[in-house]
Every structure is written in structure tokens, then in C-alpha cells.
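The following exercises are to be worked with the sequence and the coordinates at hand. Each task is followed by a solution in steps.

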Amino acid sequence: MVDQPLIKAANLVCEHHDGTVALDDVSFEVMPGRSLAVVGPNGAGKSSLLTCLMGFLKYSGEITINGQVLTSTSVPQIRRVMTMVFQDPDDQLFMPTLAEDVAFGPNNLGLSSDQVESRVSKVLDRLNLSELRDRPPHHLSFGEKRRAALATALAMNPSILLLDEPTANLDPATRRELAEYLAGLDATLLIATHDLEFVKALCPRVILLSKGRLITEVDTSCLLQNTALLRNHRLA
Amino acid sequence: MHIPDGFLDTKTWITFTAVSGVGLTLALRSFKKEKLAQRIPLIGMTAAFVFAAQMLNFPIAGGTSGHFMGGVFACILLGPWTGFITMSLVLIIQCLLFQDGGLTALGANIFNMGFIGSVGGFSLYGLFRLLVWGDRTRPVAYALASWTSIMLAATFASFQLALSGTIDLSVSLPTMLGVHAVIGIGEAAITTLALMSIWKIRPDLMQQVKY
Amino acid sequence: MHHSYLDKYARGTTAIHGLDARVKVLFSFAFIILIASLRASGFEFYLACLTLIAVCLIAARIPTVYLLTRSIVVIPFAGFAAISYMLTRTGGTTYWHSGPFAITSEGLIDASHLLARSWLAVSCMIILVNTTPFDQILKAFRTFRLHSILIMLLSFFYRYLYLLWDESERMQRARNLRYFGGKPEKQFAMLGHLVSSLFLRTYERTERVQMSMLSRGWDGSAAHVKLKPFTLQNVLNLVIGFSLLIILWWISTW
Ligand SMILES: Nc1ncnc2c1ncn2[C@@H]1O[C@H](COP(=O)(O)OP(=O)(O)OP(=O)(O)O)[C@@H](O)[C@H]1O
Ligand SMILES: [Mg+2]
């Protein structure tokens, strides 16, 4: 059997509430296990693309996630298999303590409290956050908050994970560890970032957006060699 | 005008705790379940905002500084019931974490500032909207409503103190009103300026609330 | 004042910190209610209460200076109220009088009772929040059947309070960098802008927070919280605590 794409977007046009057109006629596919990076200058529409895929923006065109068309009725189902880590970890961590925040998603999946507890400990353990579990988020450093935000998403056991600028403000060692960790996951990733090194480590394919339009979709290695293209789109 | 513990007698604080408790429960119930749920982050965070805005203090004559109460501000932006819930949250946290206002006086404080002050001041604004509404009267309505909200809250606080036999109304009413007439001017200035500037930047926020 | 100051000692490790939050909340609230509902009581009662506060303070390793500086908050209102109270009481020896006002021995005694009571209540609350992390206080409320939505709202409040507080401080600092004083009306205008931009930032953040909740499968119900069982030890502690309160009450009737 031929693999079905996990994410398929066709002729996607989407605008913000105030009418700003953030994406204009974007089409691409993500195959299982083939993580995709979204790169482009500031304001290109990367964050908008991710929020649109999560079903938060009105769109026209077609989005299919895991075989299901994205509509207001299928959204709850889709959010069980696909989740997102937002650009600002302070938006992601809203519960009084870290452990409760990580448990928030699994609780919404309707798991029993023992199952939730074991998921939480496992995720916190793997991200080296066990000692911080009862800390309130405002007592964490930025890097810790980043990892914590990732933990809250991973506790959902998603098969598709959207990450918005996961390496912004991280020190080089933390960034490397994050890349290693993400590479070891089962989930297929869609990463919006400016960090080309990070892309090289994780994603075989890249799409380049600029001013809401899809410029090109290429293999990562090709993109990195094409300095003219990178420079034209403010990536180098 | 956060009343501390010990200033209200038992009958008064129990009465107002009951009144505010019922009021708050009704306000929480008045939302359809889904609608309130949608607004949880909005209400909780606006309450935190009111609290943080109260940290931006302004100088009043004589070295004291007044701060923003925010009741009318919250009601105008979120609607009166949501505004009432928001102000109640602020007062609960101020009581627990800041010790600003006593535990036994919490009901009375919620009644004065959260309900009478905010919703009462807001009604005046509603009246303005009905009678004379235009871009000219807008700032006047904001200013009057927020000034009145402070005065109303101070009046009720004086009544409660008198009812408890702590301070005679003939003493407390003039002093409380005198002090708060000045504080109210600061409140009115900030509320009006802030609302006018929101009106300029995001007019959509002020139109979307159905009162 | 910086916000870390509010519950600076909440995450200590003393025996008092180790007590169950529900026991501490019930005890403190009962203590405050007891103090607030006694109108007149003798000197021994205040001494006993003060001893209790001092013992807790030492056992929880909270510096006395901290308690004293934190409890200053009562002064503006309590001071004003106590003075008006003092001036309008009559009875006992009259030291001074003018028109309807007088300073009498009765008035002085009653006013000092008033101040003592509100100070004791405030101290009790300060000790409570400095021996119990706030999230546990909220969980204790959950056990007492407080409206679950209200608890969730409070926990949002607490979470974002610190963030917004920092934000308002940063904004004030950014303003002061480029601002060198001016007329009062200018100052107010500036404050109005600060307030409105703080609100707009908050508002836009709530939209993002809500997205992050929804993308983790939230359907709008109150968050699930796991509660620890109420053990026999807790019951015992509570009985000891309430016996103390009964003793205090008995002392007050001397
Ligand atoms: N909430 C919003 N309301 C209106 N317009 C918005 C909103 N968020 C973003 N935009 C606009 O949509 C366009 C795309 O923004 P987006 O945030 O998706 O860019 P981005 O590629 O993520 O940029 P960055 O690299 O700076 O994060 C921009 O022109 C931006 O001004
Ligand atoms: Mg972005």
C-alpha cells in the first residue's frame, strides 16, 4: 500500500481576523516519517501556517490531516493526533505547576488518572524535568520553559508535532540536545524556523515561504547550497 | 478602601459574605457553560491585568499615591457580569496574597468594589449610551462612570462600618467621600485615557461586547 | 516591591511547610474568624494570639522583619479607621476634646483593640501564604467544594499575575528611559497609554493561550486536579489546631 500523506494542503489561502492575508495559494504534502521544515523571512507566514493547520484560522482551499478533511467538526479528532508547541512558552504553560500543565492534555484525552500520571512522569523524565515538576512556571528559566512547553505537547503522544521556532533563545548545547531528542521521536515534525543548522539535522525536506507565498519546495541539502536563493529571502 | 479584618461585626460580615457569595455564583451560572469556558483565559488574565495595572501608581498631592481600581474599565471591555467576576477575582487574590482587605471583610469588599462600584458605575455609562451618545460624550461618560464607581464603593464601605458600630456615619461618610473624591479623579483620568486609546487602536474590542 | 516578595518563603522545608494545605487553610481561616468576631477581649487573649503567631514564625523560619514589613499594608485603612473610631468614642478619662471629637481612655483602648485584631489577622494570612504554595491553597479550596470554574480562574490569575507584573515593570522602565518628567496631565496621558497597551498585550496573549489549550484537546471543562487523600494524621492535626482555638476563645472570656 502506498503511504497516504499525513498533512496535505492544497491551494491554501488564509487570512487573519483583521483581513491580513497571511497565506496565498500554498500547497504541499508531508509524508509519514519525513519531517518538513518551513523557512522564510520574518512575516512570511510561518506561524500563520501552523496555526491554520491546527484549525484556528479561517481558510479556503483544502487541508487534509491524517486522511481527515479539516473542518470545525473534525477539529477535535484531529487535535488528538496532531498538536503544536507555540513560539512563546509562556502561552503554553498556564497551569499552576509544571506537572499539572503536562497532565492537562492527557486528562483531556480521557485517560485514567494512573495512565496520566505515568505519562507525565515518563515525559518529564525524558526531558530531564523531573526535579522541576512541582515548580510554578514563573520559577523556570527560559530554556527550561522551552523544554517544559515541549513536554506538554509530547505528553499527548502526537503522531504529528508542529513546532514554532523551537530553537529561538536557546544556548548551543540545549539546542543540540533538543535536536537529538526530536530526532529520536516517533512523531513526524513540521518545524517553522530560521535556524538552518537545526533544519539540516532534522528535516529532509524544506518549504520556503515569502510574503505568504510558497517559493519552492526542495531537499534541505539543495537549499543550503543555493546561496543566491537564501540571500534573496533573507536567510543568509 | 479595602476593609481589613476586625472592622466589621459578625452580623455585617456574614450578611455581605452571603450576598456576595450568592452574587458570584449567579454570575458564574449566568453564562452558558460553553461560553464561560471559552472565556476562562480571558477573565483570569484580565483579572491579572487589573492587578498589574494597579501596580502602575500615580502620585496624589501630599506624597500619597493612588492606584487604579479598574472596575468600570473591566465592565466596559468585558461586559458587566464578566467585569464583576473579574473584580471579584482581583479582590480574592488581594485578600489572600497581599493581605489587602480582610478575609471576613472579603464579601463586603467584593460587594462594594466588585459589584456596587463596577456594575453600578457601569450602569451610569449604560444610561449615557441610551441618552446622549456620540464621540464627544464618550470620554465624559467614561470619566463620570469611573469617578462615580469609586464614590459608590466608598459610600457603601462607610455604611458597612457604621452598621458594624465601628465608625459613626457622620464621621466616616464625609471623610471617606472626601478622600475618594480625589482618588476618583485619578481613576477617572486613567480609565478614560486608557479606554480612549484602546478605542483608537482596537475599536473592534469595544464593539464586540453585547451588554 | 517585587513580586517574589509576596510568598517568598512558601517553598520552605520546615515541619509547618510540610503540613497538609487543607489543615493550614482551615486553621488559619478559623483563627481569623475567631479574631474578627470577638469584640472586646482582655490583654491575655492578645498575648496568647501573639505567642501563637511567634511560635509559627519561628517554626517556619520566617524572619520577624519580613512579617513586620509585609503587615504594613493594614496601616492606611486601619490607621484611618482607628483614628476616627478613637475620636468619636466617649467614656473613661477625657484627655482632650474639641467639638464632637475627643480623646478618651476608652477610645484609646478600643482603637488599639481594633488595630491589634486586624494586625493579627493579617499576620496569620502572611504566615499561611508563606508556608503553603499557592497552587496547594487552590487545591485545598477545591476540596472545600468551591466552584471549579472559579478555582480555574484563580489559577490563571496567579499564573499570569507574575508575567504581567514583570511586563508592567518593563514597560515602566522603558518609559523612564526616554521620559524625563512633565506636567501632571502628561503623566496621566502616559499612564493611560501604559494601561491600554498592557491590556492589549494581555488580550492578545489570552487568544494565544486559548489556542494552546485547544490544541491540547481542551473542550472547555475545568481542569482535572488530582487530590491527595485526607489522612488520619491530617484529622489529628486539625483536632489539635481547633483545640488551640477553643483554648484561645476560652482565654478571651476571662
Ligand atoms: N494576529 C494577527 N492579526 C493580524 N495579522 C497578523 C496576526 N499575526 C500575524 N499577522 C500578519 O500575518 C503575516 C504573517 O505573520 P506570521 O506571524 O505568520 O509570520 P512568521 O513567518 O511567523 O514571522 P516570524 O518569523 O517573525 O515569526 C504578517 O504580515 C503579520 O503581520
Ligand atoms: Mg512566527
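**Exercise 1. Describe the interface of chain A and chain C in this predicted model: how many residues are in contact, and what area is buried?**

Step 1. Count the residues on each side. Chain A contributes 31 residues and chain C contributes 26 residues to the contact.

Step 2. State the area. About 2,600 Å² is buried between chain A and chain C, and carbon and sulfur atoms account for 59% of it. On the side of chain A, the residues that lose the most area to chain C are Asp91(A), Phe94(A) and His138(A), which together make up 25% of what that side buries.

Step 3. Examine the polar interactions. The interface of chain A and chain C has 6 salt bridges, and 13 residue pairs are in polar contact across it, both residues being at pLDDT 80 or more. One of the salt bridges joins the side chains of Arg216(C) and Asp101(A), at 3.0 Å from N to O.

Step 4. Assign the surface of chain A to its elements. Those giving two or more residues to the side that touches chain C are β6, α3 (89-92) and α4 (98-108) of chain A. Helix α4(A) gives the most, with 6 residues. By class, this side of chain A divides into 13 nonpolar, 11 polar and 7 charged residues.

**Exercise 2. Which elements are joined by the salt bridge of Glu100(A) and Lys139(C)?**

Step 1. Apply the distance criterion. A side-chain nitrogen of Lys or Arg must lie within 4 Å of a carboxyl oxygen of Asp or Glu. The closest N and O atoms of Glu100(A) and Lys139(C) are 3.4 Å apart, and the pair forms a salt bridge.

Step 2. Locate the partners. The pair crosses between chains, with Glu100(A) in helix α4 of chain A and Lys139(C) in helix α7 of chain C.

Step 3. Place the pair in the overall count. Over all chains, the structure holds 19 salt bridges.

**Exercise 3. Which chains share the most contacts, and what makes up their interface?**

Step 1. Identify the pair. There are 2 pairs of chains in contact, and of these chains B and C share the most contacts. Chain A and chain B are not joined by any contact; their closest C-alpha atoms lie 9 Å apart.

Step 2. Give the extent of the interface. The contact involves 71 residues from chain C and 69 residues from chain B. The area buried between these chains is about 6,200 Å², with 81% given by carbon and sulfur atoms. Phe77(C), Phe157(C) and Phe199(C) supply 12% of the area that chain C buries against chain B, more than any other three residues.

Step 3. Count the polar interactions. Chain C and chain B have 5 residue pairs in polar contact, both residues at pLDDT 80 or more. The interface has 1 salt bridge. Glu204(C) and Arg202(B) meet through their side chains in a salt bridge, at 2.9 Å from N to O.

Step 4. Assign the surface of chain C. The elements that give two or more residues to the side touching chain B are α2 (21-37), α5 (75-88), α6 (105-129), α7 (134-143), α8 (148-177) and α9 (184-214) of chain C. The largest share, 21 residues, comes from α9(C). This side of chain C has 47 nonpolar, 16 polar and 8 charged residues.

**Exercise 4. In what order do the strands of the 4-stranded open sheet of chain A lie, and which strands stand at the edges?**

Step 1. Read the order. The strands run β2-β1-β4-β5 (chain A), with antiparallel pairing.

Step 2. Find the edges. β2 (21-30) and β5 (68-69) of chain A each have a single partner strand, so one side of each is left without a neighbour in the sheet.

Step 3. Follow one pairing. Strand β1 (residues 7-15) and strand β4 (residues 59-65) of chain A pair in the antiparallel sense over 6 bridges, and Ala10(A) stands opposite Glu62(A) in β4(A).

Step 4. Add the helix. Helix α1 (residues 46-53) of chain A packs on the sheet and touches β1, β2 and β4 of chain A. The direction of this helix makes about 65 degrees with that of β2(A).

**Exercise 5. What is the strand order of the 6-stranded open sheet of chain A?**

Step 1. The order is β6-β7-β8-β3-β9-β10 (chain A), and the pairing is mixed. The edge strands are β6 (82-85) and β10 (213-219) of chain A, each pairing on one side only. From one strand to the next, the twist averages 15 degrees.

Step 2. Strand β9 (residues 205-210) of chain A pairs with β10(A) in the antiparallel sense over 6 bridges. Ser210(A) stands opposite Arg213(A) in β10(A).

Definitions and conventions: Residues are numbered from 1 along each chain as its sequence is written. Chains are lettered from A and ligands numbered from 1 in the order in which they are written. This is a predicted model: local features need pLDDT of at least 70, side-chain atom pairs count only at pLDDT 80 or more; totals for chains, interfaces and linings use all residues. Side-chain values use heavy atoms; hydrogens and water are left out. Two strands pair if DSSP finds at least two bridges between them. Axes are lines fitted to C-alpha atoms, for helices over the stretch in contact, and angles run from 0 to 180 degrees between N-to-C directions. Contact means heavy atoms within 4.5 Å. Buried area is the accessible area (1.4 Å probe) that two parts lose on being put together, summed over both. A polar contact is a pair of N or O atoms within 3.5 Å; within protein, one must be able to donate a hydrogen and the other to accept it, and residues adjacent in sequence count only if both atoms are side-chain atoms. Ala, Val, Leu, Ile, Met, Phe, Trp, Tyr, Cys and Pro count as nonpolar, Asp, Glu, Lys and Arg as charged, and the others, Gly among them, as polar.
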